[in-house]
Amino acid sequence: MTLPSPYKHELLLREYGKSTYELVQTLRTIEDKAERTRRAQQIVQLIFRLNPSLRDQPDAQQKVWNHLFVMSDEDLDVDSPFPLHSLDLLAKQPKAVAYPKQSPKIRAYGRAVELLIEQAIAMEDPAEREQATITIGRTMKFLYRSHNKENAKDVTILKHLKELSGGKLELDPAQVEAQGLFEFATTGRPAPFIVPQPRNDRDPRRGGGNNRRDKQRRGGKKGRQEPQQPPQ
């Protein structure tokens, strides 16, 4: 499958604009090669000035020179710093995406968990295999909850783990439940540390009488008079 040349021109026209495209088209009308090369270099500098983000791309100079070559209908005889060629990538048909040939045995866990189980079975160290089994079981419980929108019991995860591993990965159910091996560790925010403040007891021997509020209270009690009874 070959991509037609007008389609390539349309893509480059949208990227660089009509004015730049027309400047490139006029290069073929220049008879002197040295002058044609100088004009092409100026157009390349103009493109980088109008599109500064191009400088951050890998092989940006070579990419722009090749675009000039395509916009000139692949008829550009200049002394370019790079060999000029057409945009072969636009003419190639993309490869088909490889899809898995077999479906997972239990949809909630997917094929990725089955691959983890295969790697755990291949471990020779019993301690490492046990730790990997615990990690896989914890992951399976999380995926089960996300897929089915409900929590799974540990015995259910152990049953599925045994089924997927062909009985090669097993754990003690009592130990899993007692130690919560399949539960994700949740660390809440630590409680804020409050600096204890000294008590402000009112002690006249320690200068407690200097408190303005205490003075007002004592002054109010001292100056308060009992209401007089009306004469009989």
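## K149, out in the open

K149 sits in the loop that links helix 7 (126-148) to helix 8 (154-164). Keep in mind that this is a predicted model. With a relative accessibility of 71%, K149 counts as exposed, because anything over 50% falls in that class.

The backbone here is worth a look too. Phi of K149 is near 60°, so a positive value turns up in a residue other than glycine. As a rule, most residues other than glycine have a negative phi.

## S165, tucked away

Move along to the loop between helix 8 and helix 9 (173-179), and you'll find S165. Is S165 buried or exposed? At just 5% relative accessibility, S165 counts as buried, since the cut-off for buried is under 20%.

What does the side chain of S165 reach? It gets to the backbone oxygen of K162, at 3.4 Å. Setting aside neighbours within four places in sequence, S165 is also in contact with I117 and I121.

## L181 and its company

L181 belongs to the loop between helix 9 and helix 10 (212-223). L181 is buried as well, because its relative accessible area is 13%, and buried means under 20%.

Which residues does L181 touch, once those up to four places away in sequence are not counted? They are I134, R138, Q175 and V176. There's a link to Q131 to note as well: L181 and Q131 are 50 residues apart along the chain, and their C-alpha atoms are separated by 10.0 Å.

Notes. Residues are numbered from 1 along each chain as its sequence is written. This is a predicted model: local features need pLDDT of at least 70, side-chain atom pairs count only at pLDDT 80 or more; totals for chains, interfaces and linings use all residues. Side-chain values use heavy atoms; hydrogens and water are left out. Helices (H or I, at least four residues) and strands (E, at least two) are DSSP runs, numbered from the N terminus. Buried means under 20% relative accessible area, exposed over 50%, partly exposed in between (1.4 Å probe, protein chains only). A polar contact is a pair of N or O atoms within 3.5 Å; within protein, one must be able to donate a hydrogen and the other to accept it, and residues adjacent in sequence count only if both atoms are side-chain atoms. Contact means heavy atoms within 4.5 Å.
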